[in-house]
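Visitor: I'd like a close look at just one part of this model. Could you pick a single helix and show me how it fits in with everything around it?

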Amino acid sequence: MKVNLAKHGGLAAAIRRPPVTVDSSALPENKAAELAPLVAAAKAELQAAEAGPGRARDAMSYTITLQDDSGETTTLRASDTTMSRPFAALLEWLDRNAAGK
């Protein structure tokens, strides 16, 4: 499974942030085992996460694209004001464990 995270907006909206990609097949076994349930929970909360940017003018928005081993993709979107707890947990894990960090 590949997970791609793109961040947009916020106070420094003009700064381009490169997307972060995590490939579970390249992770140590324990990290891949952590990632799978986080992805499953975030996908289960898909409706709540796609509610839109909310009312916070300088809120960050996030797009997480999931590609499973068969090539099927799922896109999750949320902002600082609309993200579900499972989305936030996945986002935090990606921020901590992305390559190059």
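Guide: What follows is a walk around the last helix, α3, and its surroundings.

A word on the ground rules before we start. This is a predicted model, in which local features need pLDDT of at least 70 and side-chain atom pairs count only at pLDDT 80 or more, while totals for chains, interfaces and linings use all residues. Residues are numbered from 1 along each chain as its sequence is written, and side-chain values use heavy atoms, with hydrogens and water left out.

Let's begin with how far the coordinates can be trusted. The protein chain has a mean pLDDT (the predictor's confidence in each residue, from 0 to 100) of 83, with 79% of its residues at 70 or more. Happily for us, confidence is highest in α3, at a mean of 94, and lowest in helix α2 (residues 46-49), at 55. Where pLDDT is low, the predicted coordinates should not be read in detail.

Now the setting. The protein chain holds three helices and four strands (DSSP runs numbered from the N terminus: H or I over at least four residues for helices, E over at least two for strands). Their order from the N terminus is β-β-α-α-β-β-α, and α3 spans residues 85-97.

The backdrop for our helix is an open sheet of four strands, ordered β2-β1-β3-β4 with antiparallel pairing (strands pair if DSSP finds at least two bridges between them). β2 (20-23) and β4 are the edge strands, each pairing on one side only. On average, neighbouring strands here are turned by 15 degrees against each other, ignoring direction. β1 and β3 are joined by eight bridges and run antiparallel, and leucine 5 has isoleucine 64 in β3 as its bridge partner. β3 and β4 pair over seven bridges, also in the antiparallel sense, with glutamine 67 standing opposite threonine 73 in β4. These two strands make a hairpin with five residues between them, and glycine 71 in the turn has a positive phi of about 95 degrees.

Our helix lies across β1, β2, β3 and β4, running at about 100 degrees to β1. (Such angles run from 0 to 180 degrees between N-to-C directions, with axes fitted as lines to C-alpha atoms, for helices over the stretch in contact.) Helix α1 also lies across β1, β2, β3 and β4, at about 75 degrees to β4.

What does α3 put into the interior? The largest nonpolar core has 20 residues, and Leu35, Ile64, Leu90 and Leu94 touch the most other members. (A nonpolar core is a set of buried Ala, Val, Leu, Ile, Met, Phe, Trp, Tyr and Cys residues joined through side-chain atoms within 4.5 Å; buried means under 20% relative accessible area, exposed over 50% and partly exposed in between, using a 1.4 Å probe on protein chains only.) Two or more residues come from each of β1 (2-9), α1 (29-44), β3 (60-67), β4 (73-79) and α3. The largest share, five residues, comes from α3.

Leucine 94 shows what that looks like. Setting aside residues up to four places away in sequence, leucine 94 is in contact (heavy atoms within 4.5 Å) with Val3, Leu5, Val22 and Ile64. So the bridge pair of leucine 5 and isoleucine 64 turns up again here.

Next, look across to α1, where alanine 42 sits. With 0% relative accessibility, alanine 42 counts as buried. Its C-alpha atom is 7.0 Å from that of leucine 90, though the two are 48 residues apart along the chain. Beyond residues up to four places away, alanine 42 touches Leu76, Pro86, Phe87 and Leu90.

Alanine 88, also in helix α3, is partly exposed at 27% relative accessible area. Its C-alpha atom and that of leucine 38 are 9.5 Å apart, with 50 residues separating them along the chain.

Finally, asparagine 97 is in α3 too. Asparagine 97 counts as buried because its relative accessibility is 16%. Its side chain makes a polar contact with the side chain of lysine 31, at 3.1 Å. (That term means a pair of N or O atoms within 3.5 Å; within protein, one must be able to donate a hydrogen and the other to accept it, and residues adjacent in sequence count only if both atoms are side-chain atoms.)
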